[in-house]
Amino acid sequence: MTDPAAERFAQSMLAELPLVEAPESVWRGIEARLDAGERPRPAPVFRWPRWAFAIAAIFAIVAAIFWRASQRGWIDTGHSSQTIAIGQIGTVTIAPGTRLRVVADRPEEHRLALQHGEIHARITAPPRLFFVDTASGTAIDLGCEYTLTADDRGAGELHVTRGWVAFVWQGRESLTPAGAMVRTRPVSGPGIPYFEDASSELKRAVDGRLDVNAALGAARPRDTLTLWHLLQRVSDTDRAPVYDRIATLAPLPASIDREKVLRLDPEALKLLKEELAWTW
Amino acid sequence: MTNHPVQVTTEILAACRTGDRDAFRSLYDTYKDRVYSIALYFFHGDRAAAGDASQQVFLKLLTQIGQFRGDAEFSTWLYRMVVNTCVDMTRRRKRTTDLSDTLPAPARQHEEIEQRQVVDAVQAAVAELPEKFRIAVLLRHFDDLSYEEMAAILNCSAGTVASRLSRGHRMLAVRLKKFQERWK
């Protein structure tokens with residue numbers, strides 16, 4: 001429901017809020033941190049002789065050929081870890097004992113296939129440019145940093161430390177924000193995500209044999225992350241209590257249509273997620 | 001507030017990518033007051049938090065400017081960093097700030113005192129808004145961004161932006177009701 005007069009009044013009052021000049025100390029702090037080396041300095045300018053360019057070009061072409069060839073092969077880290085660049089968008093640190101393969105390396109798609117082991121990805125790019133396939137689904141970067149483990153059958157864990165990661169498998173999707181984790185299982189794909197600081201009761205309720213009542217009882221306002229996913233995984237009869245528990249933990253605006261959510265209407269679920277996600 | 005900051009040129013951005021400190025200072029000067037003000041009002045008038053957030057934003061910006069592809073508005077990219085930084089800092093900060101410690105010193109003249117009271121009341125009302133409404137209202141106020149731009153910054157739909165602004169403004173109107181007569 002809109003109230004144009006109230007909105008105009010609020011906007012006129014906001015006009016009283018002045019733009020505040022940033023104190024010079026902010027810039028001094030930035031300079032101090034830059035001087036302390038928080039950002040790599042550009043390389044000093046050095047002019048190479050022309051013959052060096054020719055040699056460098058030949059070397060680069062040969063290196064690129066070998067690099068391309070190696071990209072298409074498997075990477076086995078053995079006893080040491082290894083860090084690889086993901087185009088211009090980030091890096092992946094591969095833990096010892098990991099086997100993976102670079103499937104695609106194009107500006108519009110960077111894709112790895114993790115057979116087993118552990119990777120730590122740091123990606124700063126628009127969403128959905130970096131993918132990691134495992135036996136139980138695909139982790140899709142939504143602008144983030146995360147650690148993913150998997151075994152040959154697809155059992156593993158995803159721990160997100162920054163941003164968001166979507167884990168998808170046969171139409172099932174788990175959205176995991178910073179501070180949360182999700183387990184993946186062979187055959188059933190991604191489980192229900194929860195925050196790492198959630199109670200052990202809640203974790204048990206969604207990690208093992210699903211116990212809806214226990215999950216509802218143990219949920220805090222922040223755990224609407226778990227309950228939002230639970231909505232889509234429970235039977236029709238259990239859905240209403242899950243929705244009502246969400247509404248108790250996080251009062252919802254009138255724009256959220258309970259009936260549509262209970263019918264798992266995609267738009268209604270999205271609106272609900274956007275309302276709740278602010279607390280995640 | 002509708003005056004846009006000076007458009008950041010591709011030359012300035014290119015110079016920033018090479019580590020040109022003067023170019024970065026120029027970029028900083030263009031946006032510093034808006035970034036600082038949004039952070040200041042977001043953090044309930046806490047100058048230390050606003051300064052810290054501003055520093056983090058500009059350092060992140062400099063570190064990641066090589067990844068700015070230019071296919072999005074620079075301001076959209078920057079404000080997304082502001083929002084993420086403010087939200088991240090809020091999650092880390094457990095204590096709340098006493099508003100009375102953070103507001104500017106009171107003015108002396110009668111008119112100034114009255115004006116100060118209005119500003120303080122608006123600031124307090126903004127500070128009381130839930131985060132998601134507060135950040136939407138501040139972004140809209142300090143830069144005249146479109147709903148689409150705000151949607152990209154806040155990672156939600158334009159409809160949700162419209163809804164948050166509308167609800168945020170209505171909450172402010174309720175909290176500032178005592179000034180309504182004067183406004184009329």
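In the predicted model, A:I94 has A:I119 of strand β5(A) as its bridge partner. This pair belongs to the contact between strand β3 (residues 90-94) and strand β5 (residues 109-123) of chain A, which are joined by 5 bridges. The two strands run antiparallel to each other.

Strand β5(A) also pairs with strand β4 (residues 99-106) of chain A, again in the antiparallel sense, and here 7 bridges are formed. Within this pairing, A:D105 is matched with A:H110 of β5(A). The connection from β4(A) to β5(A) is a hairpin of 2 residues.

Two further strands of chain A are paired with β5(A). With strand β6 (residues 130-134), β5(A) forms 4 bridges, and the sense of this pairing is parallel. A:L112 is placed opposite A:V132 of β6(A). With strand β8 (residues 145-150), β5(A) forms 6 bridges in the antiparallel sense. In that pairing, A:A121 has A:Y146 of β8(A) as its bridge partner. Strand β5(A) is thus found in antiparallel pairings with β3(A), β4(A) and β8(A), and in a parallel pairing with β6(A).

Chain A also contains helix α1, which spans residues 4-14. The buried residues of α1(A) are A:F9, A:A10, A:M13 and A:L14. These residues lie on the same side of α1(A), because the arc that they cover around the axis is only 140°. In general, an α-helix has 3.6 residues a turn, so residues three or four places apart point the same way. The other side of α1(A) carries A:P4 and A:A5, both of which are exposed.

Chain B was examined at the level of its overall organisation. Its secondary structure comprises 10 helices and 0 strands. From the N terminus on, the order of the elements in chain B is accordingly α-α-α-α-α-α-α-α-α-α. Chain B has 184 residues, of which 40% count as buried. Among the contacts in chain B with a separation of 6 or more, 66% are made by residues 24 or more positions apart.

Methods. Residues numbered from 1 in each chain as written. Chains lettered and ligands numbered in written order. Predicted model: local features only at pLDDT ≥ 70, side-chain atom pairs only at ≥ 80, totals over all residues. Buried ≥ 20, exposed ≤ 12 C-beta atoms within 10 Å, placed from the backbone. Contact = placed C-beta atoms within 7 Å. Arc of directions from axis to C-beta. Pairing = 2+ DSSP bridges.
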